[in-house]
Amino acid sequence: MPERINAVKTTFFGKGAIRMLGPELKKTGISRALVITDRFLYENGLCAKAAEALSDAGIEFAVYYDVKPNPSVYVVNECIAAARAIDAGALIALGGGSAIDTAKAVSIVIENGGRVEQYEGVDKSSRPGMPVVAINTTAGTGSECTSFYIVTDPERHSKMAMTDSNCMVAIAVNDIDFMMSMPPKLTAATGMDALTHSIEALFSKNASPVTDKDAIWAIEVICRYLPQAVRNGSDEKARTMMAYAENVAGMAFSNAGLGMVHAMAHALGGHYNLPHGVCNAVLLPHVLRFDAGHSCYDDRFKLLAKAMGLEYYNRSASEAVVDAVCAMNSQIGISPSLAMLEGVDPSDFKALTALAMHDTCMSTNLYQVSAEDVSEVYKAAYNGI
């Protein structure tokens, strides 16, 4: 069956890669841009460092610095207004998934019209979005290289998942100088997000040799370097390898799709405003334990165990994988159960299950799950068993 491979046109990697952005931007002919970031990055000097690249390219710009985790429709609408006010020709996202996803949403609405809520689902836009430059500051979401973006709908208390090749970033910068200040908790959460991306890509019903290659490499690297990056944030080798791994994981899931973990995490994070990476990390071993009960995953678990460097002897590959993921969570400080996350209430699981079942990510889950299946996994993750 023919397949389309989504990829970013230009990506710069490595320490000091930001220096390559100015000359690249000069080629575009863009004269005005809106920088989309958060207050922390605006105040800690990284925004000023990124602004130098724009100035070097002769680009006038304004800055919107009120992006928050799990960006909402309200933030997207504010950025749309700000971009239109300066007649921006491009959007410069500085940050992790929150800033980059916001920029993608803004780019689609500006070029296609309507409201961002209209683009929930798969390939809902008809035209490419406004050019987006992503200066990535985390090693996890992969948003700088994917055809996905997520926006929180405050009316429904849920996340809207959009998959759209028209939202692809034009230029991506992965400069570890912009990642060294990530605190351990953020490093852990975003790293587990990247691991979940690669595992779900490997387990997706749309997995292919191309996506398997990327997913397996990313898993190998994350399992080796994430604990090091959490333990010592100034470890340049660990930061560099995590930057490569999250990007490769992003390419894998952008083309293969995700699954049950992300569908459940979107519902959970949107309802309680919890960090996306933490939701994925807590849910991941429980979804894997559920998957282990279905033979369609047997070969996938063997590939995953090998990528994780596991030997399992008198137990199954799936048992070894689940134990290893739980151990990784414990090692890097991830909560062992949903019960330990602020506000999570089992009485909400019915509503969360309904949201997860309709999430775009569920469409590429290899096994067709039922609402009862999802509800039981939520309960298991809450109890931590």
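Okay, let's start with a loop: Asp87 sits in the one between α4 and β4, and that strand covers 90-95. Keep in mind that this is a predicted model. What's odd about Asp87 is its backbone: phi is positive, about 55°, although the residue is not a glycine. And is Asp87 buried or exposed? It's exposed, with a relative accessible area of 52%.

Now go back along the chain to Asn70. You'll find Asn70 in the loop that runs between β3, residues 60-64, and α4, residues 73-85. Asn70 isn't a glycine either, and it has a positive phi of about 55°. Here, though, the relative accessible area is 11%, so Asn70 counts as buried.

Right, let's zoom out to the whole chain. We've got 14 helices and 9 strands. How does the chain stand on compactness? The radius of gyration is 20 Å, close to the 21 Å from the globule rule for 385 residues, so the chain is as compact as a globular protein of that length. If you look along the principal axes, the C-alpha trace spans about 65 × 45 × 45 Å.

On to packing. Of the 385 residues, 59% are buried. For contacts, take the pairs at least 6 apart in sequence: 79% of those join residues at least 24 apart.

Last bit, the surface and the charges. The chain exposes about 15,600 Å², and carbon and sulfur atoms supply 52% of that. There are 31 positive and 42 negative charges, and the mean positions of the two sets lie 4 Å apart.

That's my tour, thanks.

Key
Residues numbered from 1 in each chain as written. Predicted model: local features only at pLDDT ≥ 70, side-chain atom pairs only at ≥ 80, totals over all residues. Heavy atoms only, no water. Helix = DSSP H or I, 4+ residues; strand = E, 2+ residues; numbered from the N terminus. Rg over C-alpha atoms; globule rule 2.2 N^0.38 Å. Buried < 20%, exposed > 50% of the residue type's maximum accessible area, 1.4 Å probe, protein only. Contact = heavy atoms within 4.5 Å. Areas by Shrake-Rupley, 256 points an atom, 1.4 Å probe, with all protein chains shown as cover. Lys, Arg positive; Asp, Glu negative; His and termini not counted. Charge placed at Lys NZ, Arg CZ, Asp CG, Glu CD.
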